[in-house]
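Here are my notes on the model, as promised. I've kept them as numbered points so you can take them one at a time.

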Amino acid sequence: MPRTDFLTFCRYTVASAALCAAVSGCRSNRSEVRAPVALKKPVLHTNFQPPDPQQPLRSFEQIIVLPEEQFDIAEAVLCVSAEIALPDAPPDSATTLLELDRLAKRATEELPQNPDGIDYLDTLYEFVLDRRKADPFRDDRAENYDLSLAVQKRRGTCLSVGIGVLAVARRMHAPVWGVQCPGHFYLKWVEPDPAQTPPVLVFDVTRPTHENWKKLDDDFYRRWHHIDPQAESSGAYLRPLSDREVLSV
C-alpha cells in the first residue's frame with residue numbers, strides 16, 4: 001500500500017475507533033452487561049533498551065517492527081509528531097530523548113533501597129512531574145500531542161505529560177502503564193508480585209495525589225466519566241495498556 005494511502009487508512013481507522021469509543025463510553029440505558037473480554041496483562045521488559053539519542057530518529061516503519069524490549073513509546077510518539085510538524089519546526093527529538101534519559105537517571109538515583117510502588121510514584125512526582133498538574137485534555141490544541149513541549153517545558157495535558165512520565169518510568173524499569181477512559185489518560189502502577197501491597201496505584205498527572213497515592217481508584221473514574229459497563233468489559237477503558245496500545249491512543 002502506498003505511504004499516502006496507508007496514512008489515510010490509519011486516519012480513518014483512528015477516527016472511526018475514536019467515535020466508537022466516545023459512543024461506547026456514554027452511559028447506556030440497557031442493563032445487560034457482557035462478559036469481560038480475556039485480555040493479556042502487559043509484560044514489563046526489565047531489559048528495555050531506550051534509543052540512542054545521538055542516532056537519527058528512526059522511521060515509523062522501523063519502530064513499529066522492533067521487539068518489545070526496544071520499542072520506546074517516546075521515540076514512537078516523536079516520530080509521528082515529526083511527520084505532521086510544520087516545515088520550519090526545529091528538530092528537537094534528540095533533545096527530548098536526552099532529557100528523558102537524564103530524568104530517569106536522576107529519579108533512579110533518588111530511590112531508596114528496596115523501593116515500593118509509593119516510593120516510585122513519589123520520585124516520579126518530585127523529579128519528573130515537577131510538582132505541577134497538567135491541563136485537562138482538549139482536542140483542539142495541537143500542543144496536547146507535543147511530547148517535546150511537555151518534556152522540555154514541564155507543561156502539557158494528561159496525554160502529553162502522561163506519556164512523558166510513562167517514558168521515564170519505562171527507562172527506570174518500573175511497572176507503570178498507560179490507562180484510558182473517555183477523554184482522559186492516566187497512569188497505573190501495577191505491582192508485579194501479587195503478594196505485595198498495594199497491588200495497584202493510580203498516578204493521574206492532572207490530579208497529583210502525592211499526599212495519598214491510594215486516593216484514586218477505578219471507581220473514581222467510573223463515576224467521573226460515567227463509563228458504560230459494556231465498554232469497560234470489552235477492554236476499552238481502565239485497564240493497563242501496552243506501550244503500543246498507548247501509541248494508538
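**Notes on the predicted model**

1. Let's start with a salt bridge: the side chains of Glu 109 and Lys 105 come together with N and O 2.6 Å apart. Both residues sit in helix α4, 4 residues apart, or about one turn of the helix. Glu 109 and Lys 105 are both exposed. Keep in mind throughout that this is a predicted model.

2. How many salt bridges are there by this rule? The count comes to 12. The one I'd look at next is Arg 171 with Asp 72, where the closest N and O atoms are 2.8 Å apart. Arg 171 belongs to helix α7 (residues 158–171) and Asp 72 to the loop between α2 (60–64) and α3 (73–84), so this pair ties together parts that are 99 residues apart in sequence.

3. Arg 171 has another partner: its side chain also meets that of Asp 101 in a salt bridge, again given as 2.8 Å from N to O. Here the contact runs from helix α7 to helix α4 (residues 93–110), so it ties together parts 70 residues apart in sequence. Put together, Asp 72, Asp 101 and Arg 171 are linked in a network of salt bridges.

4. Are the members of that network buried or exposed? Arg 171 has a relative accessible area of 11%, so it is buried. Asp 72 comes out at 0% and therefore also counts as buried. Asp 101, at 23%, is partly exposed, because the buried class stops under 20%. Compare the Glu 109 and Lys 105 pair in α4, where both residues are exposed.

5. On to the sheet. It is open, has 3 strands in the order β1-β2-β3, and the pairing is antiparallel. The edges are β1 (176–181) and β3, each of which pairs on one side only. From one strand to the next the twist averages 35°.

6. A closer look at one pairing: β1 and β2 run antiparallel and are joined by 6 bridges. If you want a register check, Gly 178 has Leu 187, in β2, as its bridge partner.

7. Which helices should you view with the sheet? Helix α5 (residues 117–127) lies across β2 and β3, running at about 10° to β3. Helix α7 packs on the sheet as well, touching β1, β2 and β3, and its direction makes about 25° with that of β2. This is the helix that holds Arg 171 of the salt-bridge network.

8. Now the loop between β2 (184–190) and β3 (200–203), which is where you'll find Pro 192. With 53% relative accessibility, Pro 192 counts as exposed, because that class begins over 50%. Its C-alpha atom is 8.7 Å from that of Leu 44, although the two residues are 148 apart along the chain.

9. Cysteines next. Searching the whole structure turns up 0 disulfides. Cys 158 is in none, and the nearest cysteine sulfur, on Cys 181, is 8.4 Å away, whereas a disulfide would need the sulfur atoms within 2.5 Å. Cys 158 is buried at 1% relative accessibility. Cys 79 is buried too, with a relative accessible area of 5%.

10. Last, the aromatics: the structure holds 7 aromatic pairs. In one of them, the rings of Phe 220 and Tyr 221 have centres 5.0 Å apart and planes at 90°, so the pair is edge-to-face. Tyr 221 also pairs with Trp 224, this time tilted, at 6.0 Å centre to centre and 40° between the planes. Tyr 221 and Trp 224 both lie in helix α8 (residues 218–225), 3 residues apart, about one turn of the helix.

11. Tyr 221 is buried, with a relative accessible area of 0%, whereas Trp 224 is partly exposed at 34%. Which residues make up the aromatic cluster? Tyr 186, Phe 220, Tyr 221 and Trp 224 form it together.

Terms used:
Residues numbered from 1 in each chain as written. Predicted model: local features only at pLDDT ≥ 70, side-chain atom pairs only at ≥ 80, totals over all residues. Heavy atoms only, no water. Buried < 20%, exposed > 50% of the residue type's maximum accessible area, 1.4 Å probe, protein only. Helix = DSSP H or I, 4+ residues; strand = E, 2+ residues; numbered from the N terminus. Salt bridge = Lys/Arg side-chain N within 4 Å of Asp/Glu carboxyl O. Pairing = 2+ DSSP bridges. Axes fitted to C-alpha atoms, helices over the stretch in contact; angles between N-to-C directions. Contact = heavy atoms within 4.5 Å. Phe/Tyr/Trp six-rings, centres within 6.5 Å; stacked < 30°, edge-to-face > 60°.
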